[in-house]
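This report describes a two-chain model, from chain folds to single residues. The sequence and structure come first.

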Amino acid sequence: MNLNALWAYANPKKFIQATDRVLPWISILAIVSLVVGLVWGFFFTPEDYRQGSTVKIIYIHVPSALMAINAWLMMLVTSLVWIVRRHHVSALAARAAAPVGAVMTVIALATGAIWGQPMWGTWWAWDPRLTSFLILFLFYLGYMALWAAIEDDDTAADLTSILCLVGSVFALLSRYAVNFWNQGLHQGASLSLDKEENVADVFYYPLLVCIAGFVLLFIALVFLRTQTEIRARRTRALLARERMG
Amino acid sequence: MMPDLGKYAEAVLSSYGVSIALLVVLVWASLRRARRVKKQLEDIESKAKRDG
């Protein structure tokens with residue numbers, strides 16, 4: 001595969017044409033995966049011997065937490081592309097992904113708190129993973145606020161890209177906090193390349209389907225929202241041209 | 001059909017309820033803005049074409 005061919009999609013028109021073709025299919029696959037995964041997990045998996053029926057929260061909590069971190073890492077990559085190659089589509093893709101990542105972070109935090117209450121006896125603890133997740137959420141808010149506060153698109157893209165680089169520390173900490181500091185209430189990773197560390201198969205397979213659903217939903221939303229950002233940028237440019245006579 | 005969630009029913013159902021509601025709002029807001037911006041751009045472009 002010629003990776004250089006990917007740069008063709010830095011052209012806004014070509015990006016919209018290409019994503020328009022795949023968007024309906026990705027959306028359908030996302031809906032099917034989410035429905036199958038959630039129905040399978042909710043209705044057809046047993047209770048855990050220690051956690052009882054609260055284990056069913058895993059099908060939302062783990063995929064949303066994964067996407068909260070990976071959305072920021074996607075924003076990091078597209079921000080770096082903007083800094084190095086100055087492709088507007090990449091900066092706009094990062095902007096488009098931020099609200100999706102922020103919602104994923106809220107879902108992970110909310111379901112974590114609801115799950116934590118009966119299991120740990122508290123809604124919240126200043127545990128390394130929980131705290132780094134909360135800081136990641138604040139970075140999402142700051143990132144979106146910075147885009148909204150700066151009128152010039154290129155300046156906004158420059159400054160938000162720098163913020164994204166700084167926030168990446170917390171995205172990585174959110175993922176590896178449990179390994180760095182062997183303390184706190186949060187358990188280790190539920191999924192691992194080492195099969196021994198994974199949750200039991202009966203929970204694992206529906207969880208994989210849910211993760212696929214969340215990933216596909218994220219891709220669909222980022223494509224749609226990037227198209228919108230491209231069109232909004234063109235609208236602003238045309239209006240500015242019109243004002244100048 | 002509904003599984004017996006026992007004493008944790010409230011926690012499980014509220015987790016699903018909050019999450020699904022947030023996802024639906026996110027999708028709805030994204031689609032709504034996409035339609036609005038697309039229409040706005042089409043109007044401006046057709047006006048620009050008309051005015052030469």
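A residue counts as buried if 20 or more other C-beta atoms lie within 10 Å of its own, as exposed if 12 or fewer do, and as partly exposed in between, with C-beta atoms placed from the backbone. Leu26(B) is buried because 20 other C-beta atoms lie within 10 Å. The model is predicted: local features need pLDDT of at least 70, side-chain atom pairs count only at pLDDT 80 or more, and totals for chains, interfaces and linings use all residues. Residues are numbered from 1 along each chain as its sequence is written, while chains are lettered from A and ligands numbered from 1 in the order in which they are written.

**Chain folds**

Helices (H or I, at least four residues) and strands (E, at least two) are DSSP runs numbered from the N terminus. Chain A has six helices and zero strands, giving the pattern α-α-α-α-α-α along the sequence. Of its 245 residues, 42% count as buried. Two residues are in contact if their C-beta atoms, placed from the backbone, lie within 7 Å. Among contacts in chain A between residues at least 6 apart in sequence, 78% join residues at least 24 apart.

Chain B holds one helix and zero strands. Buried residues make up 13% of the 52 residues in chain B. The C-alpha trace of chain B spans about 70 × 20 × 5 Å along its principal axes. Its radius of gyration is 22 Å, where a compact globule of 52 residues would have a value near 10 Å. That radius is taken over C-alpha atoms, and the globule rule is 2.2 Å times the number of residues to the power 0.38.

**Annotated spans**

In unreviewed UniProt entries, the annotation "transmembrane region" covers residues 22-45, 57-84, 96-118, 130-150, 162-182 and 202-224 of chain A and residues 12-31 of chain B. UniProt positions are given in the numbering used here, feature names are shortened, and annotations may be inferred rather than shown by experiment. The table gives the computed geometry for some of these spans.

| Span | Distance between end C-alpha atoms | Helix and strand content |
|---|---|---|
| Residues 57-84 of chain A | 41 Å | 96% helix, 0% strand |
| Residues 96-118 of chain A | 36 Å | 100% helix, 0% strand |
| Residues 12-31 of chain B | 29 Å | 100% helix, 0% strand |

**Contact between the chains**

In total, 22 residues of chain B are in contact with 29 residues of chain A. On the chain B side, the touching residues comprise 14 nonpolar, six polar and two charged. In this scheme Ala, Val, Leu, Ile, Met, Phe, Trp, Tyr, Cys and Pro count as nonpolar, Asp, Glu, Lys and Arg as charged, and the others, Gly among them, as polar.

One helix pair in this contact is helix 6 (residues 201-243) of chain A with helix 1 (residues 9-50) of chain B, which pack at an angle of about 30° with their axes 9 Å apart. Axes are lines fitted to C-alpha atoms, for helices over the stretch in contact, and angles run from 0 to 180 degrees between N-to-C directions. The crossing of helix 6 of chain A and helix 1 of chain B is left-handed, a term for a near helix turned anticlockwise from the far one by less than a right angle, with clockwise being right-handed. Residues of helix 6 of chain A at this contact include Leu221(A), Arg225(A), Arg231(A) and Leu239(A), and those of helix 1 of chain B include Leu26(B), Arg33(B), Val37(B) and Ala48(B). The residues of this helix contact divide into 11 nonpolar, five polar and five charged.

Leu26(B) lies in helix 1 of chain B. Leaving aside neighbours within four places in sequence, Leu26(B) is in contact with Val100(A), Val103(A) and Leu221(A).

**Selected residues of chain A**

Thr78(A) is in helix 2 (residues 58-85) of chain A. With 25 other C-beta atoms within 10 Å, Thr78(A) is buried. Beyond neighbours within four places in sequence, Thr78(A) is in contact with Ser90(A), Ala91(A), Ala93(A) and Ala94(A). Thr78(A) and Ala91(A) are 13 residues apart in sequence and 6.2 Å apart in space, C-alpha to C-alpha.

Arg86(A) lies in the loop between helix 2 and helix 3 (88-120) of chain A. Most residues other than glycine have a negative phi. Arg86(A) has a positive phi of about 55° although it is not a glycine. Arg86(A) is partly exposed, with 13 other C-beta atoms within 10 Å.

Val202(A) is placed in helix 6 of chain A. Outside its neighbours within four places in sequence, Val202(A) is in contact with Thr45(A) and Pro46(A).
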